[in-house]
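Here are my notes on the model, point by point. Please read them with the structure open.

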Protein chains: 6
Amino acid sequence: MTQTTQAPVSRFPVPALKDMPEDIRTRIETVQEKSGFIPNVFLTLAHRPDEFRAFFAYHDTLMEKPGNLTKAEREMIVVATSAANQCQYCVIAHGAILRIRAKNPLIADQVATNYRKADLSPRQKAMLDFAMKVSQSAQQVGEADFDVLKSHGFNEDDIWDMAGISAFFGMSNRLANVTSMRPNDEFYALGR
Amino acid sequence: MTQTTQAPVSRFPVPALKDMPEDIRTRIETVQEKSGFIPNVFLTLAHRPDEFRAFFAYHDTLMEKPGNLTKAEREMIVVATSAANQCQYCVIAHGAILRIRAKNPLIADQVATNYRKADLSPRQKAMLDFAMKVSQSAQQVGEADFDVLKSHGFNEDDIWDMAGISAFFGMSNRLANVTSMRPNDEFYALGR
Amino acid sequence: MTQTTQAPVSRFPVPALKDMPEDIRTRIETVQEKSGFIPNVFLTLAHRPDEFRAFFAYHDTLMEKPGNLTKAEREMIVVATSAANQCQYCVIAHGAILRIRAKNPLIADQVATNYRKADLSPRQKAMLDFAMKVSQSAQQVGEADFDVLKSHGFNEDDIWDMAGISAFFGMSNRLANVTSMRPNDEFYALGR
Amino acid sequence: MTQTTQAPVSRFPVPALKDMPEDIRTRIETVQEKSGFIPNVFLTLAHRPDEFRAFFAYHDTLMEKPGNLTKAEREMIVVATSAANQCQYCVIAHGAILRIRAKNPLIADQVATNYRKADLSPRQKAMLDFAMKVSQSAQQVGEADFDVLKSHGFNEDDIWDMAGISAFFGMSNRLANVTSMRPNDEFYALGR
Amino acid sequence: MTQTTQAPVSRFPVPALKDMPEDIRTRIETVQEKSGFIPNVFLTLAHRPDEFRAFFAYHDTLMEKPGNLTKAEREMIVVATSAANQCQYCVIAHGAILRIRAKNPLIADQVATNYRKADLSPRQKAMLDFAMKVSQSAQQVGEADFDVLKSHGFNEDDIWDMAGISAFFGMSNRLANVTSMRPNDEFYALGR
Amino acid sequence: MTQTTQAPVSRFPVPALKDMPEDIRTRIETVQEKSGFIPNVFLTLAHRPDEFRAFFAYHDTLMEKPGNLTKAEREMIVVATSAANQCQYCVIAHGAILRIRAKNPLIADQVATNYRKADLSPRQKAMLDFAMKVSQSAQQVGEADFDVLKSHGFNEDDIWDMAGISAFFGMSNRLANVTSMRPNDEFYALGR
């Protein structure tokens with residue numbers, strides 16, 4: 001596997017840690033300490049410090065704030081929609097996070113390939129049906145979609161969360177595909 | 001036209017200005033002073049203050065920072081990709097901004113309907129071809145796309161900007177469609 | 001905006017008024033008198049006099065004969081389906097007519113971008129759902145579609161009218177895209 | 001096969017010959033004399049006399065006027081595009097006419113199924129590539145398409161003809177699918 | 001029609017009968033005796049003897065074993081799905097077989113063009129709806145599809161048969177398109 | 001992970017080993033000895049012994065016979081096309097085999113998500129471009145595709161192999177989706 005270790009993180013320039021603005025370097029060092037490595041999305045976006053800051057502020061509020069959707073469920077949304085958008089970085093990195101959050105080594109590959117056949121509850125499949133509609137044909141979303149979700153016990157704020165996560169990672173998927181953002185080798189085996 | 005003035009800004013709750021956090025209220029009041037009205041995207045997103053802050057931080061860095069793409073060109077990207085995503089708010093609001101920035105009352109409707117037939121330079125059409133590919137099939141973007149753009153005089157940073165704007169408004173389009181965010185009546189005639 | 005005034009009406013030759021057959025010249029002069037300008041569709045199709053005659057005979061019977069669909073509703077069908085077909089001429093010219101017929105300066109841009117979010121009645125949205133299905137996947141139209149329309153109070157003749165208008169402008173959209181038929185500058189601001 | 005002979009011509013009412021306007025009845029009787037039967041498109045459209053007149057005026061000018069495209073080539077366009085639109089009436093009726101015009105019992109089924117593999121010249125395949133693009137994505141037609149056609153010896157008027165036929169039958173296909181217009185039993189074996 | 005008789009059976013090499021393995025030559029000679037000609041699929045696949053053997057073993061078990069689906073119904077599945085995949089060989093060869101099995105000279109062209117408008121029972125249309133879903137979007141098949149089929153009287157084994165035939169001919173369609181497998185001239189008129 | 005161990009292998013009945021025909025039971029026992037477990041495709045298809053035999057005969061000739069495509073390259077085709085068809089069983093089971101054959105723990109997830117960004121040679125990407133075209137739009141395959149492959153050093157037999165594998169697994173993907181064939185838990189971690 002040594003052939004891949006030198007592969008570029010991004011097709012755009014990646015600044016050295018020491019050349020990054022203080023706040024960005026600190027954020028990255030904190031992640032590195034916690035994870036044992038620097039996920040490449042941090043290095044790729046550091047090329048654009050203001051976009052880096054806005055991106056992670058948005059990311060954190062969607063993925064980490066309190067709410068009815070569990071952290072594993074939020075990651076399911078990321079994995080399912082990122083697979084539809086063929087985003088290698090997001091499927092592989094968030095697949096790892098999903099395995100860890102769900103304490104389930106199988107779930108990420110199932111959701112990435114065909115969430116309709118994954119080991120999920122009907123409620124979770126309804127959540128993913130909606131997140132996928134937001135991702136692939138949001139112009140057709142209407143009150144009937146809200147009604148289905150409510151019949152599964154979701155409330156209005158849960159629905160905003162689903163839409164927000166699907167929409168945000170739709171952006172992220174496009175950036176990752178344009179930058180050829182490479183998933184770190186470490187993600188592949190995490191949580192298996 | 002009085003029938004439309006009471007139509008809801010968003011299908012989600014919109015807080016009163018006085019109940020908003022200080023920084024958000026200030027930002028909105030500044031916009032209101034400058035524009036003469038409050039664009040509904042500010043009111044819609046104020047339902048989620050942290051998302052509001054991240055959204056506009058991201059928006060501003062993409063749309064207002066210095067760079068080779070003119071402000072009108074950035075708006076062209078917004079209008080073309082938002083039309084492909086059938087986002088009423090973004091096409092109508094940013095169509096108005098495009099007319100103003102380009103000092104051209106015709107250009108927004110042309111770009112929204114079929115940018116290939118709009119009064120644009122070949123360089124601008126190449127920019128929109130790329131922004132549309134990022135919007136609709138980013139998984140297929142590759143070095144050949146970069147080469148075409150460079151043959152039109154764009155550099156790597158311009159390309160990142162195009163991708164960033166296309167991806168960000170792809171997110172915005174999905175949020176607007178899910179929230180049924182209504183374009184303000186004022187936008188329709190601006191710049192005509 | 002002076003840059004656009006010399007843009008060609010059509011990528012095919014456009015005959016001089018004086019060289020046109022009598023009946024065609026008369027028709028055009030009548031329109032010009034009424035509208036104050038000659039819509040470019042008349043000039044573009046005058047390149048083919050027999051097609052001109054058949055086209056406008058068809059157009060007039062669909063758009064101007066008595067029937068339950070109001071003239072504004074017929075124009076809604078034109079605008080929604082022409083937007084789906086990305087026809088600049090039809091969206092911009094018939095958008096103007098729609099604004100005038102509906103006495104509503106907002107409706108055309110709403111319908112063109114996403115009719116599902118436009119200020120329309122449920123009955124009008126059902127009409128546009130059907131017209132769009134005829135436009136985009138007529139092979140799947142069946143009795144169930146007729147039943148939905150009848151539940152909104154439409155009769156068989158109304159349904160034929162919707163189908164006819166959608167189908168006719170599908171033809172017109174394709175001709176306009178192939179000829180690069182240019183919307184007259186006058187249309188953009190009409191009825192706003 | 002007796003089960004099919006009573007199947008309705010159209011899901012809409014079909015007037016009796018004797019109740020039709022004189023000119024329409026005459027046209028139909030002329031066709032009947034020549035063909036030995038009345039093609040159902042005449043009966044279906046007779047429900048709407050003005051549309052009948054405009055439809056056949058348009059049809060005749062496109063399909064029967066002089067020009068570089070042979071009559072068989074015009075029918076190839078009809079068959080290929082109608083198959084893409086899944087129009088039973090047009091594929092089966094014009095398939096018969098194509099077999100007769102081309103004096104080739106195989107060509108219609110080949111063109112209907114996959115014209116790229118049919119017994120056609122490269123020039124004819126280029127014609128069908130263009131007609132199919134007009135039929136399926138006219139918004140993307142541009143000068144590059146014209147250049148390809150010209151490299152095969154087509155001139156500007158030929159290209160208009162191709163576009164006109166493709167666009168007109170796109171309308172016809174939609175009408176036939178909405179009316180469930182039934183191909184006459186006679187067409188199936190003609191020219192085989 | 002002499003121009004077509006020398007057209008190649010396949011764009012890949014076709015072995016001479018005498019050079020084929022004994023079992024394959026025997027199979028082909030049996031077919032030839034029965035049909036009066038050698039269907040080109042036998043000659044095309046003889047280029048790969050092991051694939052030939054597996055292909056026809058699979059074919060025979062799906063198409064000829066006992067079961068509730070009539071032989072004509074199995075051919076309907078082949079014709080409808082092969083038309084969706086634009087496979088000239090399968091539509092034309094199995095169209096002939098369908099005409100013969102159904103003793104109906106019209107049915108094959110109807111099913112190939114738009115099975116929704118063909119002279120079929122509602123039960124048969126439900127069968128084709130399912131076979132088409134397997135062919136075009138099998139990833140979305142679920143228990144709801146099984147329920148619809150059961151409401152028409154199909155059992156689980158019938159459903160497996162439909163899926164098997166649709167899937168097998170999906171493979172066959174792709175092989176025929178890649179090899180440019182030519183339908184024998186004899187098929188076009190059989191059973192008309 | 002105990003929650004998944006009782007999940008059904010297939011939504012159709014699975015026979016007990018002892019009730020299977022001798023040859024099928026022997027084949028399965030051989031696989032089990034070699035792999036340490038019985039891949040569920042064997043159990044699922046054992047419901048239909050004749051289809052089982054034909055399926056594996058076809059599979060073996062495509063995947064195991066000598067040829068220029070390496071075994072890892074054949075598995076790349078399976079993984080890329082099965083991901084496009086959203087087939088959970090094939091992506092997960094053949095992903096494991098690909099990791100083993102390629103001695104590369106990263107390659108399967110990369111190829112499944114977006115092969116264009118995977119650690120592959122240009123030659124291998126050309127192979128997958130073709131296999132994906134066969135899988136998704138075989139009707140458009142033509143000599144130009146063969147020319148591209150030859151420019152990468154592939155010969156005619158290699159191309160047949162690519163097409164055969166893509167087409168065969170297209171069938172397999174559809175069967176797995178209809179039967180809800182479950183990937184064995186063992187596959188997920190193999191070769192990582």
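**Notes on the interfaces**

1. Start with polar pairing. Between chain A and chain B, 16 residue pairs are in polar contact, both members at pLDDT 80 or more. Five helices of chain A each supply at least two residues to the side that touches chain B: H2 (40-45), H3 (49-64), H7 (122-137), H8 (143-151) and H9 (156-179). H9(A) gives the most, with 14 residues. By class, this side of chain A has 19 nonpolar, ten polar and eleven charged residues. Keep in mind that the model is predicted.

2. The extent of the A–B contact comes next. Chain A puts in 40 residues, and chain B puts in 40 residues. The area buried between chain A and chain B is about 3700 Å². Carbon and sulfur atoms give 62% of that area. On the chain A side, Tyr58(A), Trp160(A) and Arg174(A) supply 22% of the area buried against chain B, more than any other three residues.

3. Charge pairing across A–B deserves a look. The count is ten salt bridges between chain A and chain B. One of them joins the side chains of Arg48(A) and Asp161(B), at 2.6 Å from N to O.

4. How are chain A and chain B related? A turn of 180 degrees, with a shift of 0.0 Å along the axis, lays chain A on chain B with an RMSD of 0.0 Å. The two copies are thus related as by a two-fold rotation axis. Of the interface residues of chain A, 100% are also interface residues in chain B, so the copies meet through the same surface.

5. Now the A–F pair. The contact takes 25 residues from chain A and 25 residues from chain F. Together the two chains bury about 2400 Å², with 51% of it on carbon and sulfur atoms. Gln88(A), Leu106(A) and Thr113(A) lose the most area to chain F within chain A. Their joint share is 25% of what that side buries.

6. Which polar features cross from chain A to chain F? There are four salt bridges across this interface. Among them, Arg182(A) pairs with Asp119(F), the closest N and O atoms being 2.8 Å apart. A further count gives 18 residue pairs in polar contact between chain A and chain F, both residues at pLDDT 80 or more. Helix H5 (88-102) and helix H6 (107-114) of chain A each supply at least two residues to the side that touches chain F. H6(A) gives the most, with four residues. By class, that side has eight nonpolar, ten polar and seven charged residues.

7. Symmetry for A–F. Chain A superposes on chain F by a rotation of 180 degrees with 0.0 Å of shift along its axis, at an RMSD of 0.0 Å. Ala189(A) has the C-alpha nearest the axis in chain A, 4.1 Å from it. The same surface serves both copies, as 100% of the contact residues of chain A recur in chain F.

8. Two pairs do not touch. No contact joins chain A and chain D; their closest C-alpha atoms lie 19 Å apart. No contact joins chain C and chain F either, with closest C-alpha atoms 19 Å apart.

9. Finally, one residue within chain B. Is Ala72(B) buried or exposed? Ala72(B) counts as buried, at 11% relative accessibility. Ala72(B) sits in helix H4 (residues 71-84) of chain B. Beyond neighbours within four places in sequence, Ala72(B) is in contact with Leu98(B), Arg101(B) and Ala102(B). Gln32(B) is 40 residues from Ala72(B) along the chain, and their C-alpha atoms are separated by 22 Å.

Technical notes
Residues numbered from 1 in each chain as written. Chains lettered and ligands numbered in written order. Predicted model: local features only at pLDDT ≥ 70, side-chain atom pairs only at ≥ 80, totals over all residues. Heavy atoms only, no water. Contact = heavy atoms within 4.5 Å. Buried area = accessible area lost by both parts, 1.4 Å probe. Polar contact = N/O pair within 3.5 Å; in protein donor to acceptor, adjacent residues only side chain to side chain. Nonpolar A, V, L, I, M, F, W, Y, C, P; charged D, E, K, R; others polar. Least-squares fit on C-alpha atoms with pLDDT ≥ 70 in both. Buried < 20%, exposed > 50% of the residue type's maximum accessible area, 1.4 Å probe, protein only.
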